[in-house]
Amino acid sequence: MKHIVLGCLFLLTAASAARASSEKTLKKDAQFYFSEGKYDRALPLYRKLDSLHPGNLEYQYNLGLCYLNSSPEKDKAVFFLEKVAATPKPPGGAQEALARAYSLNYQFKEAITAYEKVLTV
């Protein structure tokens, strides 16, 4: 019985370590592709990271930029960038990216408002 319990603990520890390692690799790969401007390759990785850590500002911002720069689903860029821009201290460039996303989605009133915010900062 004692061996079974120890075996189960070992398996749980090993599974947890493997998950942490694969998540670390996932983040590293996402950051690499993003920094290289390969947004289409970074997009599915950031989607996975966002599903693991919903509400993570960095993941949402990068996900919004990936949608903005590579995907035909520009409306999803608006979704993520609105969330990021609404935070008390959004990353630099978030408001301008949101304005661009609005513009590409033919939401011109919102784009003008967002660009005006960029100019007043």
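Two residues are in contact here when heavy atoms of theirs lie within 4.5 Å of each other. Keep that in mind for Tyr46, a good place to drop into this predicted model. Setting aside residues up to four places away in sequence, Tyr46 touches Ala30, Gln31, Phe34, Tyr59, Asn62, Leu63 and Cys66. We'll come back to several of those names, but let's step back for the overall layout.

The protein chain has six helices and zero strands, so if you trace the sequence from start to end you read α-α-α-α-α-α. Of the 121 residues in the chain, buried ones make up 31%. And what about contacts across the sequence? Taking the contacts between residues at least 6 apart in sequence, 38% join residues at least 24 apart.

Now for the inside. In soluble globular proteins, nonpolar side chains tend to be buried together. Here, the largest nonpolar core has 30 residues, and Tyr46, Leu68 and Leu81 are the ones that touch the most other members. Helices α1, α2, α3 (57–70), α4 (74–85), α5 (94–104) and α6 (108–120) each give two or more residues to this core. The largest share, seven residues, comes from α3.

Let's walk along α2, which covers residues 39–52. How far apart should the ends of this helix be? With 14 residues at 1.5 Å a residue, α2 should span 20 Å, and its end C-alpha atoms sit 19 Å apart, which agrees. Several residues of α2 are buried: Ala42, Leu43, Leu45, Tyr46, Leu49 and Asp50. So our starting residue, Tyr46, is on that buried list, with under 20% relative accessible area as the cut-off.

One of the contacts of Tyr46 is Asn62, a residue of helix α3. Is Asn62 buried or exposed? Its relative accessibility is 9%, so Asn62 counts as buried. Not counting residues up to four places away in sequence, Asn62 touches Phe34 and Tyr46. Phe34 is on the contact list of Tyr46 as well. Rings come into this part of the story too: ring pairs link Phe34, Tyr39, Tyr46 and Tyr59 into a cluster.

Next, have a look at Glu23, which sits in helix α1 (residues 2–35). Glu23 has a relative accessible area of 18%, so it is buried; the cut-off for that is under 20%. What does Glu23 meet there? Leaving aside its neighbours within four places in sequence, Glu23 is in contact with Leu49, Leu52 and His53. With His53 there is also a polar contact of 2.3 Å between the two side chains. Leu49, for its part, is among the buried residues of α2.

Further along comes α4. Its twelve residues, at 1.5 Å a residue, should span 16 Å, and the end C-alpha atoms are 16 Å apart, which agrees. Buried in α4 are Ala77, Val78, Phe80, Leu81, Val84 and Ala85. The buried residues of this helix pack against α2, α3 and α5. You have met Leu81 before, as one of the core residues touching the most other members.

How about charges? Side chains of opposite charge can pair when their charged atoms come close. How many salt bridges does the structure hold? There is one, and it joins Lys76 to Glu73, with the closest N and O atoms 3.0 Å apart. Lys76 has a relative accessibility of 33%, so it counts as partly exposed. Glu73, at 31%, is partly exposed as well.

Last stop: the loop between α5 and α6, where you'll find Tyr106. Tyr106 has a positive phi of about 60° although it is not a glycine. With a relative accessibility of 66%, Tyr106 counts as exposed. Rings of Phe, Tyr and Trp count as a pair if their centres lie within 6.5 Å, and by this rule the count comes to seven aromatic pairs. Tyr106 and Phe108 form an edge-to-face pair, 6.0 Å centre to centre with 80° between the planes. Phe108 has a relative accessible area of 45%, so it is partly exposed.

How values were computed:
Residues are numbered from 1 along each chain as its sequence is written. This is a predicted model: local features need pLDDT of at least 70, side-chain atom pairs count only at pLDDT 80 or more; totals for chains, interfaces and linings use all residues. Side-chain values use heavy atoms; hydrogens and water are left out. A salt bridge is a side-chain nitrogen of Lys or Arg within 4 Å of a carboxyl oxygen of Asp or Glu. Buried means under 20% relative accessible area, exposed over 50%, partly exposed in between (1.4 Å probe, protein chains only). Helices (H or I, at least four residues) and strands (E, at least two) are DSSP runs, numbered from the N terminus. The expected span of a helix is 1.5 Å times one less than its number of residues. A polar contact is a pair of N or O atoms within 3.5 Å; within protein, one must be able to donate a hydrogen and the other to accept it, and residues adjacent in sequence count only if both atoms are side-chain atoms. A nonpolar core is a set of buried Ala, Val, Leu, Ile, Met, Phe, Trp, Tyr and Cys residues joined through side-chain atoms within 4.5 Å. Rings of Phe, Tyr and Trp (its six-membered ring) pair if their centres lie within 6.5 Å; planes under 30 degrees apart count as stacked, over 60 as edge-to-face and the rest as tilted.
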